[in-house]
Amino acid sequence: MRKISLSNLDGLFAKIAEKSKLYIPVDDNKGFAAFKLWAEGVKMSNALNTVRSAKDFFFPQMENLMEFKTEGKNIEIIDIREEKEDFVVFGVRACDVKSFEILDRVFLSEPVDSYYASRREKGVIVSLACGKPAETCFCSAFGIDPATPAGDITAWKTETDLYLKANTEKGEKLLSQVEGLTEDCDDKAVEEQKKAITEIVKKLPLQNLPLDKFGKGKTKEYFDSPEWDELSSHCLGCGTCTFVCPTCQCYDVKDFNTGREVKRFRCWDSCMYSDFTLMAHGNSRVSQKERFRQRFMHKLVYYPDNNDGLFSCVGCGRCLSKCPISMNIVKVMKTLGGKENV
Amino acid sequence: MQKITRDALIEKAQTLLDSGVVTRVLGWKKGDFDYDVTPALFTDIESMKKDFVFGDFCGANFSKYLLKETKKIGVEGKVLVFLKSCDTYSFNQLLTEHRFDREKVYAVGIPCDGMVDVNKIKAIVGDGIVSIDDSAEVIKVETLYDGVKELNKADILLERCANCKSRKHVAYDELMGEDGEVIDSNRFDEVEKLEKMSADERFAFWQNELSRCIRCNACRDVCPACTCEKCVFNNPNSGVENKAAANSFEEQMFHIIRAFHVAGRCTDCGECSRVCPQHIPLHLLNRKFIKDINSFYGDYQAGETVGSRAPLTNFTKEDLEPSEAVNREDK
Amino acid sequence: MQVNEYKPKIVAFCCNWCSYAGADLAGSNRLSYPAEVKVIRVPCSCRVNPMFILRAFQRGADGVILCGCHPGDCHYTSGNYYTRRRMALLFSMLDYLGIEKERTRVEWVSAAEGAKFAATMNDFVQTVTALGENKRLEDLRCKK
């Protein structure tokens, strides 16, 4: 375990930024955090989490894939991929770190998504323990420990110091890069913080979700539940929940004709949209109820079906605070999963 | 102003349900916390007594839900809807555009002294809100980390309520309590502030704001004026369909067109800004159009009356020229 | 000395009944106006959706001008009155977003005003040339 005084945090960032791009959560003019490129003078946010999740680093909202040029009957395909640079993301919370595992299972299984893979390879994740989880947090319901997040390096922030512990080879490498700035230390302060966090987590209101009611093989049980009608009845069909979600991974591939060449790009898509998976006959899910059901069934049943029971929700709570009508996965779980308890 | 209580609304709903005037009620349903209120449809008084809430977090404008509610096939009777004063303008505007059947709705106007923005509370008290007591003017918020804090309601109002334009209900079948007045609000102050900036400053301001947009379309989907069956931005045949903005042009285009499509029809209900997950001040775009319309073509408030002709589907022979519009001194 | 060879791209939406005929007349009278002006014929100035103007900018236009019949002379009686309101609001909004207001213009040109058409285009091209390339409302993907 290494530590560095918080007063020298800028020094640490500067040292990291010497070798690779460094992104940290930064407050905007309205006090909401977003990951921004660190430069001299950029201060780290104290917010618990960023509005957008950290998935942007590996799976950006919009990404050019390739280009085509036509001349006569010839089509030239241009590979626009460039060698990616190393980058470090500092201050990723436990929930978002877990989301990478969920995305990995989608993008890194055969056929491997090389765009995603190259970013994953180049990115170093420095996670940060959550000293003050919010009431909307329920990561521990999914077995995530906000006191000990995963990642290449785990960091703990106390009143005075930042503690760092490497978990992977990449992390070791980064720690050795900043060795001169940090000092060796015991883990007493960290253990204390961990204990404190664990105590707080016990007090959070959403820790006991009926997760055992969901998971593999539950499709038939819930697909035709009458509750979907009421749950989805006021869904606006916007994409807020999917776009702030760290684990939503649907995208659309489209072509943009610039007049000289065609740029093929992909962008996030949302199963909540009427033009999602649009085919010649239209959208296969004609009503908002079906679209709504798809999203939550995917998180709670379909994904676990295909991924050894792993849920594709990490309990970050973003959809809880951002949904325009305050409908969210917790309400869905309580409504559907609660019915057998009654 | 007398405060309408949850019990009074439930009592009203019970009377109307019992007498058969309505068969269902559009209302607010309590969530896991004191602030995450969800719109819901109640069909019996028992479920209302259990889950119905009314308080400072019931900002949602129900007018747009009436489109779906009145089109339901096989559902008899009227739907009861509670409308705050600002909601009644949207209600009228939708009627003007023949978007729902007035006969299938029973509207009860409820007085409102402003709704509260939970984001403003969070900005003050931080995370970990355990409970919020909004029964009095001083709102008590208890958090995990800081104990109980007392907040002045005036400091944490939703933007649209802080600049409330009217406490007058322009449409209802029945009004609970007393009606308010149209307010001479300061809602155009911020627009004016922007207008006084240089073009470079304005450009930088909007670049900063719009670059945060994640194109979730919440502003569009919540908007009571956006009621197209198929939005141009969702239509692959429109040539401008896009799901994510590729660059600043597409950010600008979406927001200009979104605001333009509701120009003259926007009642300034403020739902777009309320729901924006990135806190983009979208109302500043809509209010610019409203302000321009007022000064170019005379004061016009969308939704004030049913059947009024919107400024963009109207003209006079003496209208000012576009060149005059952008070069006016007094703007 | 370096010669400024910047030539702006101008899109001119012209209504079929007046302004397009005005452009024709300018041609028959051998009045010259810059070749940078690309005329797009529309049935009525009122056909021009705000989206057309934005898309012209997206595709690389540096200035967009909209020409229609004089108010009162619309072939469809009142189309240009609606145009007038729409464009007043749109241009004011573009200005509000910090986009140069000189890049957009509405001009009424009748079928008899070939000279006015040429003069208008000359003037507009000059104005836009002075402004330089459109940077604030551009889609980089469409740039060379």
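**Entry 1: a loop residue in chain C**

I started at C:Ser110, which sits in the loop between β4 (104–108) and α4 of chain C. The model is a predicted one, and I kept that in mind throughout.

Is C:Ser110 buried or exposed? I counted 19 other C-beta atoms within 10 Å of C:Ser110. A residue is called buried at 20 or more and exposed at 12 or fewer, so C:Ser110 comes out as partly exposed.

Next I listed its contacts, skipping neighbours within four places in sequence. C:Ser110 is in contact with C:Cys18, C:Gly22, C:Cys69, C:His70 and C:Asp73. I also looked up C:Cys74, which is 36 residues away along the chain. The C-alpha atoms of C:Ser110 and C:Cys74 are separated by 9.8 Å.

**Entry 2: helix α1 of chain C**

C:Gly22 led me to α1(C), as C:Gly22 is one of the buried residues of this helix. The helix spans residues 19–28 of chain C. How many of its 10 residues are buried? I found 7, and the helix is mostly covered. The buried ones are C:Ser19, C:Tyr20, C:Ala21, C:Gly22, C:Ala23, C:Leu25 and C:Ala26.

What do they pack against? I noted three strands of chain C, β1 (10–15), β2 (37–42) and β3 (63–68). Helix α4 (114–131) of chain C is also on the list. After α1(C) comes C:Arg30, with a positive phi near 60°.

**Entry 3: chain C as a whole**

I then stepped back to the whole chain. Chain C has 4 helices and 4 strands. Reading from the N terminus, I get β-α-β-α-β-α-β-α. The radius of gyration is 15 Å, close to the 15 Å that the globule rule gives for 144 residues, so chain C is as compact as a globular protein of that length. Its C-alpha atoms fill a box of roughly 45 × 35 × 20 Å along the principal axes.

Of the 144 residues in chain C, 56% are buried. I also checked sequence separation in the contacts of chain C. Among contacts with a separation of 6 or more, 82% join residues 24 or more positions apart.

**Entry 4: the nonpolar core**

Which residues touch the most other members of the largest nonpolar core? This core has 230 residues. I wrote down A:Val89, A:Val126, B:Val81, B:Val116, C:Ile10, C:Ala12 and C:Cys15. Helix α3 (residues 79–96) of chain C gives the most to this core, with 8 residues.

I picked C:Ala12 for a closer look. Not counting residues up to four places away in sequence, C:Ala12 touches C:Val37, C:Lys38, C:Val39 and C:Ile40, among others. The list also includes C:Ile65, C:Cys67 and C:Met121.

**Entry 5: the sheet in chain A**

I moved to chain A and traced its strands. An open sheet of 8 strands runs in the order β3-β2-β6-β7-β8-β9-β1-β10, with mixed pairing. Why is one side of β3(A) and of β10(A) left without a neighbour in the sheet? Strands β3 (33–37) and β10 (183–184) stand at the edges, so each has a single partner strand.

I checked the two senses of pairing. Strand β6 (residues 87–92) of chain A runs parallel to β7 (residues 123–128), and 5 bridges join them. There A:Phe87 has A:Gly123 of β7(A) as its bridge partner.

Strand β2 (residues 21–27) of chain A pairs with β3(A) in the antiparallel sense, over 5 bridges. A:Ile24 has A:Lys36 of β3(A) as its bridge partner. β2(A) and β3(A) form a hairpin with 5 residues between them. In the turn I noted A:Gly31, whose phi is positive, about 85°.

**Entry 6: the two faces of chain B**

Last, I looked at how chain B meets its partners. Its contact with chain A takes 33 residues from chain B and 41 residues from chain A. On the chain B side, β2 (38–42), β5 (129–133) and α9 (218–222) each supply at least two residues. The largest share comes from β2(B), with 4 residues. By class I get 21 nonpolar, 7 polar and 5 charged residues on that side.

Toward chain C, 32 residues of chain B are in contact with 33 residues of chain C. The elements of chain B giving two or more residues are α7 (189–196), α8 (199–210), α10 (248–261), α12 (283–297) and α13 (322–327). Helix α10(B) gives the most, with 6 residues. This side of chain B has 21 nonpolar, 3 polar and 8 charged residues.

Key. Residues numbered from 1 in each chain as written. Chains lettered and ligands numbered in written order. Predicted model: local features only at pLDDT ≥ 70, side-chain atom pairs only at ≥ 80, totals over all residues. Contact = placed C-beta atoms within 7 Å. Nonpolar A, V, L, I, M, F, W, Y, C, P; charged D, E, K, R; others polar. Pairing = 2+ DSSP bridges. Rg over C-alpha atoms; globule rule 2.2 N^0.38 Å. Core = buried A, V, L, I, M, F, W, Y, C linked by C-beta atoms within 7 Å.
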